[in-house]
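Hi,

Here is the structure I said I would pass on. Have a look, and my notes on its pockets follow below.

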Amino acid sequence: MKVWLMGKNCSVVRHAVVICLAMCCCIGFTAGSWAAIEDYTGSYSGTYSGDDNGVFHVIAGENGAVVGMGWSTDTSEAVEIEGSVDDDGNFDLQDSWGGEMTGSIDTDGHLTGTWTGGTMSGDLEGQVQDPDQLEAIAGNYAGSSTGDSNGSWEMTVNANGYLGGFIDSDTYDTIEPIGGVVNADGVIIALGDDETMCYGTVNIDTGRVSGEWYNYDAPESGTFSGSRVVDDNNDGSNAAIAAPGDGGGGGCFIQNLY
């Protein structure tokens, strides 16, 4: 219909009409086909609201696969997220609680949609993250954890916002791999192999880390703190995780970030 209307408004000269119609057809084809799955590649962060409230960070790969995590600010629990986005920006995500998130991403990287989970539902909204700011957060971090279990922790944050590392409990003499995500504002969501859930922040200016951890299976809770680790050897030798594929916790969903 757009092509017919534009053609109607062109010059009455036959050649001009033909040229105008040809140009309009080309423009219409181009506008409808420029988007591709890789155009939505990046890290997205936002909030969800309704019968439950919280935040989410997800990472979309060039193949359209999406993985990430969410955190309920109502119940202080972490949830893993996975799914896909198509070449029109429509996404369909599932979480490890059996919920679903659906919606779309526009050409400006603005994400909107709805979520459902059992008898609960609500809305969600987010935005693509600044890759330069994520790059500034990337690095190695270490610190201590206190509370019902005391010990230390280490993590490495990649440039796309993925984090991997471990919690070393002095109380129980155990090491728990963890995996998660960090957004461009430094908000951390992480989950351990033994269901330890972590929520905190990285101060982008100082590199200081602080937050809270919970393990409802125990049940236990506490706090964690630390800071960026300077790689004195400039060779990654201080990294919290040695290499992609060596674990990183967070269950089956978050491991796909590697």
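Six strands each put at least two residues into the lining of the largest pocket: S10 (151-157), S11 (162-169), S12 (174-182), S13 (187-192), S15 (208-215) and S16 (220-229). Of these, S11 gives the most, with four residues. Keep in mind that this is a predicted model.

The volume of that largest pocket comes out at about 380 Å³. It is lined by 26 residues, and if you want to find its centre, go to Ser149, Ile167, Glu176, Thr196 and Trp213, which are the closest to it. Sorted by class, the lining of the largest pocket breaks down into 13 nonpolar, eight polar and five charged residues.

Then there's the second largest pocket, with about 220 Å³ of space. Its lining is made of 16 residues, and the closest to the centre are Tyr48, Asp52, Asp95, Trp97 and Trp115. Which elements give two or more residues to this lining? They are strands S4 (77-85), S6 (100-105) and S7 (110-117). S7 has the largest share of the lining of the second largest pocket, at three residues. As for class, you'll find eight nonpolar, five polar and three charged residues lining the second largest pocket.

If you just want a place to start, load the model and centre the view on Ser149, Ile167, Glu176, Thr196 and Trp213 for the largest pocket, then switch to Tyr48, Asp52, Asp95, Trp97 and Trp115 for the second largest.

Cheers

Note on methods. Residues numbered from 1 in each chain as written. Predicted model: local features only at pLDDT ≥ 70, side-chain atom pairs only at ≥ 80, totals over all residues. Heavy atoms only, no water. 1 Å grid on protein atoms, 1.4 Å probe; cavity = no way out; pocket = protein on both sides within 12 Å on 5 of 7 lines; lining within 4 Å. Points joined across faces, edges and corners; volume = space filled by probe spheres on them. Nonpolar A, V, L, I, M, F, W, Y, C, P; charged D, E, K, R; others polar.
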